[in-house]
Amino acid sequence: MSKEAGKRILKEQGISGFVLHYGARVLTKVEKQLIGRGAARFCRVKENRLVFKNRENLDFTDNPRAFFDYLIKMGYNEKYEIIWLVSDVRKFRNVKYKNVKFVTAENHYGWNSCRAYYYAATARYFFFSHNTQDLLDYGCEGRQIINLWHGCGYKGPEQGLSAPSGEKARSGFDYGLVPGPLFVQTKSVAWNCEKEKIWPIGYPRYDWMLHPSLGKEEQLKRLFGWEEGKAVIWMPTFRKSNLKGCRESEIQLAYQLPGLSGVDDLKKLDMHLKMLDMLLIIKKHPLQTEWSEDEKELTNIRYVTEEMLEKAGIQLAELMGVCDGLISDYSSAAVDFMLLHRPMAYVLEDFMAYKEKRGFVFENPLIYMPGEKIYDYPGIEAFLEHVAAGEDLYQEEREKLMPVMHNPAENYCSRLAAKLSI
């Protein structure tokens, strides 16, 4: 635990919380050696055991959930035992599937359970979407780790992918997924692994986006009480966060949404949307901090949270799938949205600062941004007007990039199952 993290925990949770947090981490390291290493040495891999893990505190969603849903639909749980490693196991007391267990992975204080280490070590396949190395360090012979990941965008590699020595950390998986051939190179560098370990077969959640379980009207009604008109989703990547070593936190923007100078611009944008009879949905990045939701006086702008989506029974990819356009920046959401063949815009107000602080995986990322480039407020209004009028200014450019950035499929989950011979 870093000194900065310790101070933050002490401030937020007090002395007792600090002691519990520190104690949990010590206990976890002991368990890792006893249970993880012991299981890897003395146990055998369970050929019919599949283990799933998503980002901590965002249980049962994203690519692991999409692939799990497919397996359940196709009856794979008749043959396989499926283990979900989750942060809050209480939420799943009434979630019942045959041969499916929900097991505590980590708790609020950072403690990994003994069962999590055992199941992780003995799985035939371990599927994960975010960095979860502690649970992967020890495994029985024959275990395969599949990195489903959570998106390929334009941002430079995470700081956390370096070992304490300053060298690149080893890749903790057997195979990893990317959307298309372009990202085989970028991710092999970021993950410090051979290109052969990168499969350009797309993400399981693309099936949700391309074939959402609910239509546009029903989704927008459940989430916002909105029934008519076009909808655009704005998905900015994070700038400010609590992640250690994130230099983009040093970027100073006039307002929490790039391209806007303040809340007055937000209100002005709301009036413009009302004139266009359009809904703008703003999705805060899970890592973004210092965020306020100025929604009280707005009529045509709505914020959507993970909690709202969970309550409505809607996955984020499904919501994206019914939107008429996307506003983003350097996020992987823009790469994903290309598959929908709809208008896109990139807000690049801090392009030079971002290039300096975080960097990009491409020498010239603008080449791979097939949408309107926006640097200020008027550009946002103009893009929304184009969507309202049914204009897609970058359709031709997007189609030219599609074979490079994507590897389209009728069903991404079935493609993955076939690849693994499950």
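Reader: Which residues of helix 14 do Ala66, Phe67 and Tyr70 in helix 2 meet?
Author: In this predicted model, local features need pLDDT of at least 70, side-chain atom pairs count only at pLDDT 80 or more, and totals for chains, interfaces and linings use all residues. Residues are numbered from 1 along each chain as its sequence is written, and side-chain values use heavy atoms, without hydrogens and water. Helices (DSSP runs of H or I, at least four residues) and strands (E, at least two) are numbered from the N terminus. Across the contact (heavy atoms within 4.5 Å), the three helix 2 residues meet Cys413, Ser414, Leu416 and Ala417.

Reader: How are helix 2 and helix 14 turned to each other?
Author: Their axes (lines fitted to C-alpha atoms over the stretch in contact, with angles from 0 to 180 degrees between N-to-C directions) come within 10 Å and cross at roughly 80°. Since 65 to 115 degrees counts as roughly perpendicular, helix 2 and helix 14 are therefore roughly perpendicular.

Reader: Which helix gives the most to the largest nonpolar core?
Author: This core (buried Ala, Val, Leu, Ile, Met, Phe, Trp, Tyr and Cys joined through side-chain atoms within 4.5 Å; buried is under 20% relative accessible area, 1.4 Å probe, protein chains only) has 100 residues. Phe67 is among those with the most contacts inside it. Six residues come from the top contributor, helix 2.

Reader: Which strands stand at the edges of the six-stranded sheet?
Author: The open sheet runs 10-9-8-11-12-13 with parallel pairing (at least two DSSP bridges between strands). One side is left without a neighbour, because each has a single partner, in strand 10 and strand 13.

Conventions: Buried means under 20% relative accessible area, exposed over 50%, partly exposed in between (1.4 Å probe, protein chains only). Angles under 35 degrees count as roughly parallel, over 145 as roughly antiparallel, 65 to 115 as roughly perpendicular and the rest as oblique.
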